[in-house]
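Hi,

Here is the structure I said I would pass on. Have a look at it first, and my notes follow underneath.

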Amino acid sequence: MSDAFVQLSDLTLSYGKSVAVPNLDLSIREGELIALLGPSGCGKTTTMRAIAGLLSPTGGTITIDGRDVTRVPANKRGIGLVFQSYALFPHLTAFENVAFGLRLQKLPEAEIKQRTEEGLATVGLTGFEKRKPAEMSGGQQQRVALARSLVMRPKVLLLDEPLSNLDARLRLEMRTELQRVQKETGITMVFVTHDQAEALALADRIVLMKDGKIEQLGTPADLYARPETAFAAEFMGFENIFKVEGEEIVTTSGRLPLEARPESPILAWRPDAVTVGSGPHEGRVAACSFAGAHREYVIDSALGPIKADAAITLPEVPLGEAIRFDLPLATARGLAA
Ligand SMILES: Nc1ncnc2c1ncn2[C@@H]1O[C@H](COP(=O)(O)OP(=O)(O)OP(=O)(O)O)[C@@H](O)[C@H]1O
Ligand SMILES: [Mg+2]
């Protein structure tokens, strides 16, 4: 724990009598970009609010940079916040929006100017100083919001779904931008999202949460390749997850034999790990969609629907026709029960 910059220890967070996050332990290293990932209601925002000091824990402690801040008020924690709604002042220019917090601190005018210009440059908005929010795109407004937090030089920057108001293209752009800013400034960031691709693309480590608890914690590569539970696997795009009994896969619709008895009680395949066009099993094409480099099939099988990606070079099998497939043990991910 010695290298923890932000340390949550046995943290319990409640609303009245209902516990949203029970006994959470989490260590965040300095300069790390951590993504909190999980479905709606799993406690991501609640955890962020506690780190920020906007919600008092009912148990446990929070330390930041070696200091116990559990009872320290929000404005004394050195935390910056960026939310989904950028909440810029509409009547102020980009410059004045970014300078706002610095002015409250009554810093000398020259320093305010220098830090504000630096902040705008960091987010790629040099030249936009005089624009008002209404004269900027959503992505540019979100950058102003980011700059506004950065100029305060927070120890930790908390971002709660900051990209979810942006359209797909801007989201991608801001994702890269955020990563660059983080590496350049070295600020420790906690980033909340329920978008698995966003977490994979951005984070140094991902904290996957379920019902207020950590389901799995690891690098993006770890979580992507080695989810440990069915929940984690489902979140990471394993669309075919089945129970095993002996040498057979079993669902409520039926059974399918495997080539050997697997070690794990649950097996999961990504669509691209399913063999299509050959194999010991037969199903029918229930759906087929073109996805550029491959076709995405839904195969009606003894197990129910199976999602399978086939190389575009394989001839397309029409709807309703028979199609061969395999769920090879070699490409399966074994999961705990
Ligand atoms: N102000 C509140 N009063 C009572 N319960 C709350 C309050 N805010 C959140 N909760 C409950 O706490 C749990 C965690 O909520 P939280 O907002 O942390 O989820 P989240 O992971 O951020 O979800 P989302 O992805 O929808 O933003 C949920 O069950 C939610 O209903
Ligand atoms: Mg939330």
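Let me start with a small backbone detail: right after helix H2 comes Lys106, and its phi is positive, near 55°. Before going further, please keep in mind that this is a predicted model, and every value below was computed from it.

Staying with H2, which spans residues 94-104, the buried residues there are Ala94, Phe95, Asn97, Val98, Ala99, Gly101 and Leu102. What do they pack against? The buried residues of H2 sit against helix H3 (109-122) and against H4.

H4 covers residues 138-150, and Gln142 is part of it. Is Gln142 buried or exposed? Its relative accessible area is just 2%, and anything under 20% counts as buried, so Gln142 is buried. Setting aside neighbours within four places in sequence, Gln142 is in contact with Val82, Phe83, Gln84, Tyr86, Pro162, Leu163, Leu166 and Met174.

Next, the ligand. The residues around ligand 1 are Tyr15, Ala20, Pro39, Ser40, Gly41, Cys42, Gly43, Lys44, Thr45, Thr46, Glu161 and His194. By type, that shell divides into 4 nonpolar, 6 polar and 2 charged residues. Helix H1 (residues 44-52) gives the most to it, with 3 residues.

Some backbone atoms come up against oxygen atoms of the ligand:

- Gly41 has a backbone N or O atom 2.7 Å from an oxygen of ligand 1.
- For Cys42, the distance from a backbone N or O atom to a ligand 1 oxygen is 3.2 Å.
- With Gly43, a polar backbone atom is 3.0 Å from an oxygen atom of ligand 1.

How much of ligand 1 does the protein cover? On its own, ligand 1 has 630 Å² of accessible area, and the protein covers 55% of that.

Glu161, one of the residues around ligand 1, deserves a second look. Its phi is positive, about 45°, although Glu161 is not a glycine. You'll find Glu161 in the loop between strand S7 (156-160) and helix H5 (168-185). At a relative accessible area of 13%, Glu161 falls under the 20% cut-off and therefore counts as buried.

Asp211 also has a positive phi without being a glycine, in this case near 50°. Asp211 lies in the loop between S9 and S10, and these strands form a hairpin with 2 residues between them. S9 (residues 205-210) and S10 (residues 213-218) pair in the antiparallel sense over 5 bridges, with Lys210 standing opposite Lys213 in S10. Is Asp211 buried or exposed? It counts as exposed because its relative accessibility is 56%, which is over the 50% cut-off.

Last one: Arg333, in strand S19 (residues 333-335). Its relative accessible area is 21%, between the 20% and 50% limits, so Arg333 is partly exposed. Not counting residues up to four places away in sequence, Arg333 touches Ala225, Arg226, Pro227, Glu228, Phe238, Ile266, Leu267 and Ala268. With Pro227 there is also a polar pairing: the backbone oxygen of Pro227 lies 2.8 Å from a polar atom of the Arg333 side chain. To place Arg333 in the fold, take Ile51 as a reference: the two are 282 residues apart in sequence and 35 Å apart in space, C-alpha to C-alpha.

Cheers

Key:
Residues numbered from 1 in each chain as written. Chains lettered and ligands numbered in written order. Predicted model: local features only at pLDDT ≥ 70, side-chain atom pairs only at ≥ 80, totals over all residues. Heavy atoms only, no water. Near = heavy atom within 4 Å. Polar contact = N/O pair within 3.5 Å; in protein donor to acceptor, adjacent residues only side chain to side chain. Areas by Shrake-Rupley, 256 points an atom, 1.4 Å probe, with all protein chains shown as cover. Helix = DSSP H or I, 4+ residues; strand = E, 2+ residues; numbered from the N terminus. Nonpolar A, V, L, I, M, F, W, Y, C, P; charged D, E, K, R; others polar. Buried < 20%, exposed > 50% of the residue type's maximum accessible area, 1.4 Å probe, protein only. Contact = heavy atoms within 4.5 Å. Pairing = 2+ DSSP bridges.
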